[in-house]
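Student: Hi! Could you walk me through this one, starting with the side chains?
Tutor: Happy to, here it is.

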Amino acid sequence: FFQHKMGKKRTQVTIKPFCYFCDEEFEDTYKLNQHQKESHYKCPECPKKFSSSLGMKTHAAKLHKVSVEYIPGALPTRNQFDLVIMGMEGVPQSIIEDKYNEILVSSKKLESSSEDETHCNAPDAEDVTGGYLSEKSPSSSPQSKLELKKISKEEKRVKLSPTEKSIEKKDKKAGFKAVFQSSQSIEEILSLRYCAAQTN
């Protein structure tokens with residue numbers, strides 16, 4: 001019945017035939033009319049069915065001497081005999097607009113939920129960059145440098161062959177001898193200076 005323009009897209013909202021009294025929807029007006037005859041326009045005293053509420057009320061009053069005050073099976077706000085409803089004919093425009101707005105809100109919710117799902121499936125910024133922008137590389141920290149030095153020393157110890165180990169020991173002994181000789185020469189120089197000072 002209505003069309004709603006939303007941005008560049010035009011969403012056409014189609015309202016199915018619905019019962020004014022109980023708000024139930026149907027595929028076509030024929031099924032709606034059959035529903036109203038069986039559920040709302042049936043005589044409470046006999047199995048006779050009518051095409052309108054006034055016909056049922058008049059029949060019950062004349063034949064059965066019964067006063068029907070409310071339409072059977074109707075909502076509390078729509079159970080009066082003030083309107084002549086036959087299918088969708090006679091339904092107030094305000095009720096049709098309320099039905100349209102209800103369908104429109106539900107369709108918008110479906111569209112927003114589908115958009116949220118597409119956003120959730122998109123990769124985050126951290127996933128795209130791999131975390132390289134927010135985190136520093138491990139080599140930049142001083143702790144990691146010390147660890148690398150320790151690792152390099154351990155690798156050297158492991159990789160040394162027996163011949164290399166003997167060479168390393170010889171180099172250490174030669175260094176100790178050089179230090180010892182230098183310490184001896186310093187002591188000799190000091191002793192000579194002391195003797196010269198004594199003679200003077």
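Student: Let's start with Lys57: which ring does Lys57 lie over?
Tutor: Lys57 lies over the face of Phe81, 4.7 Å from the ring centre. A charge counts as sitting over a ring if NZ of Lys or CZ of Arg is within 6 Å of the ring centre and within 35 degrees of the ring normal. Lys99 lies over the face of Phe18, at 5.3 Å from the ring centre.

Student: Before we go on, what sort of model is this?
Tutor: This is a predicted model, where local features need pLDDT of at least 70 and side-chain atom pairs count only at pLDDT 80 or more, while totals for chains, interfaces and linings use all residues. Residues are numbered from 1 along each chain as its sequence is written, and side-chain values use heavy atoms, with hydrogens and water left out.

Student: Cool. How many aromatic pairs are there?
Tutor: Searching the whole structure gives two aromatic pairs. Rings of Phe, Tyr and Trp (its six-membered ring) pair if their centres lie within 6.5 Å; planes under 30 degrees apart count as stacked, over 60 as edge-to-face and the rest as tilted.

Student: And how are the rings of Tyr20 and Phe21 placed?
Tutor: Their centres are 5.3 Å apart and their planes at 75 degrees, so the pair of Tyr20 and Phe21 is edge-to-face. Phe21 also forms an edge-to-face pair with Tyr41, at 5.8 Å centre to centre and 85 degrees between the planes.

Student: Which parts does that second pair tie together?
Tutor: Phe21 is in the loop between β2 (9-13) and α1 (29-39), and Tyr41 is in the loop between α1 and α2, so the pair ties together parts that are 20 residues apart in sequence. Helices (H or I, at least four residues) and strands (E, at least two) are DSSP runs, numbered from the N terminus.

Student: Is Tyr41 buried or exposed?
Tutor: Tyr41 is buried, at 0% relative accessibility. Buried means under 20% relative accessible area, exposed over 50%, partly exposed in between (1.4 Å probe, protein chains only). Phe21 is buried too, at 1%, and Tyr20 is buried at 8%.

Student: New topic: what does Ile85 touch?
Tutor: Leaving out residues up to four places away in sequence, Ile85 touches Tyr20, Phe21, Gln36, Tyr41, Ser51, Ser52, Gly90 and Val91. Contact here means heavy atoms within 4.5 Å.

Student: Last one: how many helices and strands are in the chain?
Tutor: The chain has six helices and two strands, in the order β-β-α-α-α-α-α-α along the sequence.
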